[in-house]
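User: Please take a close look at one part of this model and what lies around it. I would like a single connected answer, with the cut-offs for each term.

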Amino acid sequence: MNLGKRWLLNLEDYILFIKDTDPTYAYIISRKLAEQGLAVLTVDQTEQVQEQLRESKPIALLLAIDCDQDIRLRWLAQFRREANDILIPVIVVERCPSTTSLTRAFEAGADDYLGKGAPVEELAVRLRHLHSLFRRMQLDELSVLAYEDLRIRLHDRKVYRGEELIKLTPKEYELLVFLVHRVHRVCSREVLLQEVWGYEFNVETNVVDVYIRHLRGKIDRGRSRKLIHTVRGTGYLLE
């Protein structure tokens, strides 16, 4: 594998370029993208992609395709099916661009499509845009806790059951987040007192039971599917 110059501050930020049979284009693209501040790592075969992904994750895949090279689009479709947990943008650059080829590329799982004659500056802008878009998607994904039809938006502390916005007090919210993080696991009253209320010792209080009752009234009332359950003599769980 040929490693392009890494000019970015974060050495993990690089484009993985799967080149085609045109070595001149691969050299020019790698050099000009480096001039745009984008490091490029080139590989010769699609089979090398998974090997590289095990080492580090690029910010985007750049897939070069010769005219009517369906085998690479079939690889892309398979990659999307088998690696659907890897959120990474793919741009296809084709030697013979056409509307038909563009359609096939998007159907295979490409996020953008360009002909090889497109200016490198445009390619760099598209790469940066897709990287920014996918980063926002990842942050949004990380900022939501979900179980069945229950969703908790951590960034603004909003809770939904289905499409209904449920208003919780700050402590009810903290209790629900704790339960969702431990879905299917029984949480004793002592653990809840310690982790949610910060009590470091056993105290005689029914505060947990009171808050569970309030929370259950807001989350489960009027719904056939109950999420918050009592485990008699032990505690509570969400399942």
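Analyst: In β6, the residue that stands opposite Val-92 is Tyr-113. This is a predicted model, in which local features need pLDDT of at least 70, side-chain atom pairs count only at pLDDT 80 or more, and totals for chains, interfaces and linings use all residues. Residues are numbered from 1 along each chain as its sequence is written, and side-chain values use heavy atoms, with hydrogens and water left out.

The strands β5 and β6 run parallel and are joined by four bridges. Two strands count as paired if DSSP finds at least two bridges between them; strands (E, at least two residues) and helices (H or I, at least four) are DSSP runs, numbered from the N terminus. β5 also pairs with β4, again in the parallel sense, over five bridges. In that pairing, Leu-62 is opposite Ile-91 of β5.

Five of the five residues of β5 are buried, where buried means under 20% relative accessible area, exposed over 50%, and partly exposed in between (1.4 Å probe, protein chains only). In a regular strand the side chains alternate between the two faces of the sheet. Here Val-90, Val-92 and Glu-94 point one way, while Ile-91 and Val-93 point the other way.

β5, α4 and β6 together make a right-handed β-α-β unit. Right-handed here means that, with the strands pointing away from the viewer, the path from the first strand over the helix to the second runs clockwise.

The helix of that unit, α4, spans residues 99–108, and its buried residues are Ser-101, Ala-105 and Ala-108. These fall within an arc of 65° when seen down the helix axis, so they line one face of α4; the arc is that of the directions from the helix axis to the C-beta atoms. An α-helix has 3.6 residues a turn, so residues three or four places apart point the same way. The cover over the buried residues of α4 includes β5 (90–94), β6 (112–115) and α3 (70–82), with contact meaning heavy atoms within 4.5 Å. Thr-99, Thr-100 and Glu-107 are exposed on the other side of the helix. Gly-109, just after α4, takes a positive phi of about 120°.

Between β5 and α4 there is a loop that holds Cys-96, whose disulfide partner Cys-67 is in the loop between β4 (60–65) and α3, 29 residues apart. The S to S distance of this disulfide is 1.6 Å, and the term covers a pair of cysteine sulfur atoms within 2.5 Å. A search of the whole structure finds one such pair. Both ends are partly exposed: Cys-67 has a relative accessible area of 34%, and Cys-96 has 33%.

On the far side of β6 in sequence, Lys-116 sits in the loop between β6 and α5 (120–142). Lys-116 counts as buried, at 14% relative accessibility. Leaving aside residues up to four places away in sequence, Lys-116 touches Asp-20, Asp-22, Tyr-25, Ile-65, Asp-66, Glu-94 and Arg-95. The side chains of Lys-116 and Asp-20 are joined by a polar contact of 2.3 Å. A polar contact is a pair of N or O atoms within 3.5 Å; within protein, one must be able to donate a hydrogen and the other to accept it, and residues adjacent in sequence count only if both atoms are side-chain atoms.
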